[in-house]
Amino acid sequence: MPSDTLTSTPSRQLYTAEERARRDATIWTTVQGVLAPVQFLVFLVSLALVIRFMVTGVGFEAATISIVIKTGVLLTIMVTGAIWEKVVFGQYLFAHAFFWEDVVSFAVIALHLTYVWALLSGWPHADQMWIALAAYAAYVINAAQFVWKLRMARLDAEGRL
């Protein structure tokens, strides 16, 4: 197959014109735009508290509270994100443009809820924190996916995608 065939195949745009119009018109876009940096800030504070506990053994309660708050914010952004997908793409989750982000989001949620289960089950403190760190690592991957997707959306809007 000639190499120009591979490069000349048009890529699917991230949004159709109708989807872009719905995205730009819905309040849920603003909600997501506010919640995403809030979640990242909560993550940074919580990560610092978890690392402090893991290094010094001090501050288990503060780390625990921060992880529970992070989990709450995560669940909130997932529910509002599902509503946003419904408004923009006509389905609550796994829309074509955000399929893999949603898949990884479910892994992130599973890890956060595993932490909550470990907390409620009385697992050793260090084990709980390791689960939280695994959840946070998955969150970083997922956040990077969404940042990349935002970049692609900008390029798409500029007609450079």
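This is a short tour of a predicted model, moving from the whole chain to one pair of helices and a surface patch. Residues are numbered from 1 along each chain as its sequence is written, and local features need pLDDT of at least 70, while side-chain atom pairs count only at pLDDT 80 or more and totals for chains, interfaces and linings use all residues. Side-chain values use heavy atoms, with hydrogens and water left out.

Begin by selecting the whole protein chain, whose secondary structure comes to six helices and zero strands, where helices (H or I, at least four residues) and strands (E, at least two) are DSSP runs numbered from the N terminus. Its C-alpha atoms fill a box of roughly 60 × 40 × 25 Å along the principal axes.

Next, select helix 4 (60-89) and helix 5 (99-121), whose axes, as lines fitted to C-alpha atoms over the stretch in contact, with angles from 0 to 180 degrees between N-to-C directions, come within 10 Å and cross at roughly 145°. Contact means heavy atoms within 4.5 Å, and the residues of helix 4 that meet helix 5 include F60, I67 and L74, while those on the helix 5 side include F106, I109 and L113.

Now select F94, which lies in the loop between these two helices and is partly exposed, with a relative accessible area of 34% (buried means under 20%, exposed over 50%, partly exposed in between, with a 1.4 Å probe and protein chains only). Finally, add F99, W100, V103 and F106, which together with F94 form a nonpolar patch on the surface; patch members have over 30% relative accessible area and no salt bridge (a side-chain nitrogen of Lys or Arg within 4 Å of a carboxyl oxygen of Asp or Glu), and nonpolar side chains are joined within 5 Å, like charges within 9 Å.

Terms used: Areas by Shrake-Rupley, 256 points an atom, 1.4 Å probe, with all protein chains shown as cover.
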